[in-house]
Amino acid sequence: MAALAVGDALREAADVQTDIKWPNDLLSGERKICGILAEAIDTPLGRAVILGIGINLTENAFPPELANVATSVSEARMSARRTTTGSAISEAYPSSVPTTSWRRAPERMRAPDRMREAVNVSERPFWDDEIETMTPDARRRLEDERLGEQIAYDYATSPYYRSKLDEAGVRPGDVRGVDDLAAIPFMEKTEVAASQADGTLLGVNQCAPLDRIVRIQATGGTTGQPIRIGLTRRDIEDYGEMGARALWAMGCRPGEVVFECMNYNLYSGGLSDHLTFETLGAATIPFGVGHSERLLTMMSGLADPFGIWATPSYAVRLAEVARGLGLDPRAIGLRKGYFSGEAGLQVPGYREKVEELWGMVARDQYGTGELGLHSGECEALDGVHYGGLGFAVAELIDPDTGDVLPFTEGQRGEVVYTSIRREASPLLRIRSHDVMQVFTAPCRCGRTSWRFRVLGRSDDMFIVKGVNVFPLAIQTSLMTLAPQLTGEFQVDLDRPPPIDYPVPLTVEVDPDVPESRREALTRGVVERLQRDVNFTADVRLVGPGTIAAEGKTRRVIRTYRGEDR
Ligand SMILES: [Zn+2]
């Protein structure tokens with residue numbers, strides 16, 4: 001392909017005048033620009049330009065010169081777009097036309113692979129730059145407007161929501177913004193579960209008729225009763241948009257191959273999340289859970305690198321299975337891990353451990369069965385970006401009193417969600433029972449969404465002598481004793497509260513720790529927890545693989561309540 005200066009390509013393709021000139025010899029040796037593509041797209045408001053640069057890479061390293069080119073190109077593109085697009089674009093489109101469609105790279109830019117990679121890195125820092133870089137004021141306006149519409153819709157279509165608002169003395173028109181939500185009582189998942197117990201398909205919060213619902217899935221979770229959730233076509237599109245924001249932030253791009261290793265039976269983590277990877281444009285392999293040996297056989301047979309969508313503990317478990325088969329995990333091409341379902345990666349040391357095991361980059365995602373896959377961490381690794389803007393709003397509450405807490409930098413509290421664009425099974429102040437710390441200060445990646453760190457489940461939390469203990473805190477403490485410990489553990493509450501006895505704790509030990517050292521290690525764990533988390537544990541060491549299951553690992557089991565391991 002003939003090499004052109006970027007400015008020439010822009011002029012030729014789109015008649016855009018720029019003073020940018022990057023000749024082909026900017027990059028030395030083998031790392032040359034092998035092609036430049038500029039595509040002009042006519043939008044209702046005028047002409048927009050998508051620009052891609054292909055770079056010859058003989059090594060995996062990202063040349064630092066390219067970063068400068070990418071930044072400058074991005075600026076060129078932005079200035080070209082600024083004359084034609086801006087936020088007015090989405091307003092100019094009827095809602096039936098996805099506003100993302102014109103932003104996607106045209107077909108002829110999608111090959112070959114290496115060029116595609118360079119195009120995507122330079123072309124789009126965000127999945128949806130309009131939404132993801134919105135100012136707080138614009139965000140608030142969008143949320144308040146959609147919230148008003150949603151409440152009116154809920155009230156009109158669901159006797160449950162109608163009586164909930166009526167009993168609270170709230171009329172739909174009274175809810176003009178997120179701040180007005182506090183007058184409405186909370187919703188619990190158990191209410192929906194109870195309404196489905198008599199065989200009702202979707203229960204009290206069904207707001208769309210069945211002939212508009214095209215998918216039904218169940219919520220997973222490690223505690224509580226699963227509930228059935230309906231989705232209309234628009235709900236599914238929104239699910240994909242929201243999830244694609246998160247996956248894009250996590251570094252996933254079109255052209256990547258991803259093994260989807262979540263449970264496809266019923267749960268959104270399987271089919272719905274799979275389709276979210278497809279929305280983004282990743283080549284997704286529907287593998288599911290179990291069959292680890294077959295998975296490893298398939299992975300080992302692939303020449304090019306690939307990624308995985310799984311729980312972090314499954315990645316740890318898979319490495320053990322690989323070793324058991326005589327395979328070196330690092331020799332397998334698994335280079336990117338998109339993780340979800342557990343808070344593991346937020347434990348100091350756990351990410352490094354997973355990355356080290358496979359020689360991969362590991363990124364964290366957060367979602368709920370009711371809401372979907374919505375948030376992912378960016379390259380700044382400074383909390384998980386909330387990706388549900390425009391689809392759901394969040395409040396923070398004190399889990400004990402239910403009081404609304406200020407949504408400010410560093411605040412901790414349980415998150416409560418309200419749908420603001422959901423047709424089939426909308427949520428109104430549903431308690432997540434996830435306790436988080438939120439961050440509202442700007443992130444250096446440029447996204448303006450709030451970020452968070454999950455501290456734990458409020459129902460996984462237990463109280464020892466008046467102190468709230470989260471499994472994550474235990475895990476953080478145990479990881480300080482790595483590599484002697486694997487980081488896997490389970491708390492077994494065998495007697496009802498109050499917990500004034502040593503807490504039974506099963507902890508996995510590395511196989512290289514000799515039997516003779518285990519007694520001392522046990523004492524070390526007890527002392528460490530006493531110091532870090534302020535409770536006394538009755539520690540029992542077990543071998544690796546004893547706790548990590550091929551799905552979610554439950555950290556706190558209340559056997560006194562009849563819960564099974
Ligand atoms: Zn960021």
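Here are three short exercises, with worked solutions, on the predicted model shown above.

**Exercise 1.** Find out how many helices and strands the protein has, and what share of its residues is buried.

*Solution.* Start with the elements: the protein holds 15 helices and 22 strands. Next, turn to burial: of the 565 residues, 53% are buried. Finally, look at the surface, where the protein exposes about 24,500 Å², with 51% of this area supplied by carbon and sulfur atoms.

**Exercise 2.** Work out the strand order in the open sheet of four strands, and say which strands lie at its edges.

*Solution.* Step one is the order: S21-S20-S19-S22, with mixed pairing. Step two is the edges: strand S21 (537-542) and strand S22 (556-557) each pair on one side only. Step three is one pair of neighbours: S20 (residues 503-509) joins S21 in the parallel sense, over six bridges. Here you can spot Thr506 opposite Arg540 in S21. Step four adds a helix: H15 (residues 518-532) lies across S19 (485-492), S20 and S21, and runs at about 140° to S21.

**Exercise 3.** Decide whether Asn205 is buried or exposed, then find what its side chain reaches.

*Solution.* First, locate Asn205 in the loop between helix H8 (189-196) and strand S3 (213-218). Its relative accessible area is 3%. Buried means under 20%, so Asn205 counts as buried. Now follow the side chain of Asn205, which reaches the backbone oxygen of Pro426 at 3.1 Å. To finish, look beyond the neighbours within four places in sequence: the contacts of Asn205 include Tyr160, Tyr161, Met187 and Leu427.

Note on methods: Residues numbered from 1 in each chain as written. Predicted model: local features only at pLDDT ≥ 70, side-chain atom pairs only at ≥ 80, totals over all residues. Heavy atoms only, no water. Pairing = 2+ DSSP bridges. Helix = DSSP H or I, 4+ residues; strand = E, 2+ residues; numbered from the N terminus. Contact = heavy atoms within 4.5 Å. Axes fitted to C-alpha atoms, helices over the stretch in contact; angles between N-to-C directions. Buried < 20%, exposed > 50% of the residue type's maximum accessible area, 1.4 Å probe, protein only. Areas by Shrake-Rupley, 256 points an atom, 1.4 Å probe, with all protein chains shown as cover. Polar contact = N/O pair within 3.5 Å; in protein donor to acceptor, adjacent residues only side chain to side chain.
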